[in-house]
Amino acid sequence: NGDFDSATNSYGATSDERIKQNITDANSQWNDLKALKVRNFKLKDDVRTEDAGGQAANTYLGLVAQEVESVSPGLVKLHDPSPSDITSNSAFGTLYTDSDELPDGKRVGEVKEVKEQVKSVSYSVLYMKAIKALQEAQTRIETLETKVAALEG
């Protein structure tokens with residue numbers, strides 16, 4: 001699904017033209033990128049830890065999947081919730097508790113029932129959209145520089 005975690009923030013993808021076909025220039029990504037709202041936020045799981053006397057919750061920079069979905073739905077993917085997701089919002093499902101009869105192999109705190117899936121953003125695709133928009137911006141800058149130079153002539 002494209003998800004990948006790396007301690008060094010280094011990753012790659014096979015990109016050899018010999019395994020691709022119908023290669024064409026991408027459409028403009030300018031409007032999509034302008035419409036995205038970059039947000040600051042804290043994760044509810046981190047806030048719970050902080051409230052319990054643990055490490056202070058970090059403030060992150062990123063996007064909100066529901067807002068991205070309205071701009072570019074193809075960037076949003078669904079996956080089953082983790083126990084932490086369900087603890088953050090019970091709409092995602094339920095967890096096994098001490099009062100449950102536990103099926104073989106299940107433990108208290110594991111996912112019992114999934115009611116809704118969690119939305120995530122495909123940042124790896126978003127990066128490609130950003131590169132395309134940056135190329136468009138550079139073309140616009142170069143055009144304006146040429147016009148300014150002609151006017152100053």
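Arg107 comes out as exposed, with a relative accessibility of 57% (exposed means over 50% relative accessible area, buried under 20%, and partly exposed in between, using a 1.4 Å probe and protein chains only). This is a predicted model, so to speak of local features a pLDDT of at least 70 is needed, side-chain atom pairs count only at pLDDT 80 or more, and totals for chains, interfaces and linings use all residues. Residues are numbered from 1 along each chain as its sequence is written, and side-chain values use heavy atoms, with hydrogens and water left out.

Arg107 has a partner in Glu110: the two form a salt bridge, with the closest N and O atoms 3.4 Å apart (a salt bridge is a side-chain nitrogen of Lys or Arg within 4 Å of a carboxyl oxygen of Asp or Glu). Glu110 is partly exposed, at 21% relative accessible area. Side chains of opposite charge can pair when their charged atoms come close. The structure holds seven salt bridges. Another of them joins Asp100 and Lys112, at 2.9 Å from N to O. That pair ties together distant parts of the chain, as Asp100 sits in the loop between β4 (93-95) and β5 (111-114) while Lys112, twelve residues away, belongs to strand β5 (helices, H or I of at least four residues, and strands, E of at least two, are DSSP runs numbered from the N terminus). Lys112 is partly exposed, at 42%. Arg18 and Asp16 also meet through their side chains, at 2.4 Å from N to O; here Arg18 is exposed at 72%, and Asp16 is partly exposed at 29%.

Strand β5 also holds Val111, which is partly exposed at 21% relative accessibility. Its C-alpha lies 7.5 Å from that of Gly93, 18 residues away along the chain. Setting aside neighbours within four places in sequence, Val111 is in contact with Pro81, Ser82, Pro83, Ile86, Thr94, Leu95, Tyr96 and Lys106 (contact means heavy atoms within 4.5 Å).

As for the interior, the largest nonpolar core has eight residues: Leu36, Leu63, Ala65, Val68, Leu75, Val76, Val121 and Leu126 (such a core is a set of buried Ala, Val, Leu, Ile, Met, Phe, Trp, Tyr and Cys residues joined through side-chain atoms within 4.5 Å). Beyond its neighbours within four places in sequence, Leu75 touches Val68, Ser120, Val121, Ser122, Val125, Leu126 and Lys129. Ser120 itself is part of strand β6 (residues 118-121) and is buried, at 18%. With the same neighbours within four places left out, Ser120 is in contact with Ala65, Leu75, Val76, Lys77 and His79.

Helix α5 takes in residues 123-152, 30 in number, and spans 42 Å from first C-alpha to last, close to the 44 Å expected at 1.5 Å a residue (the expected span is 1.5 Å times one less than the number of residues). Its buried residues are Leu126, Lys129, Ala133, Glu136 and Ala137, and α1 (30-35) is included in what covers them. Arg140 lies over the face of Trp30, 4.2 Å from the ring centre (a charge sits over a ring if NZ of Lys or CZ of Arg is within 6 Å of the ring centre and within 35 degrees of the ring normal).

In the segment before α1 there is Thr8, which is exposed at 63%. The C-alpha atoms of Thr8 and Ala56 are 23 Å apart, with their positions 48 residues apart along the chain.
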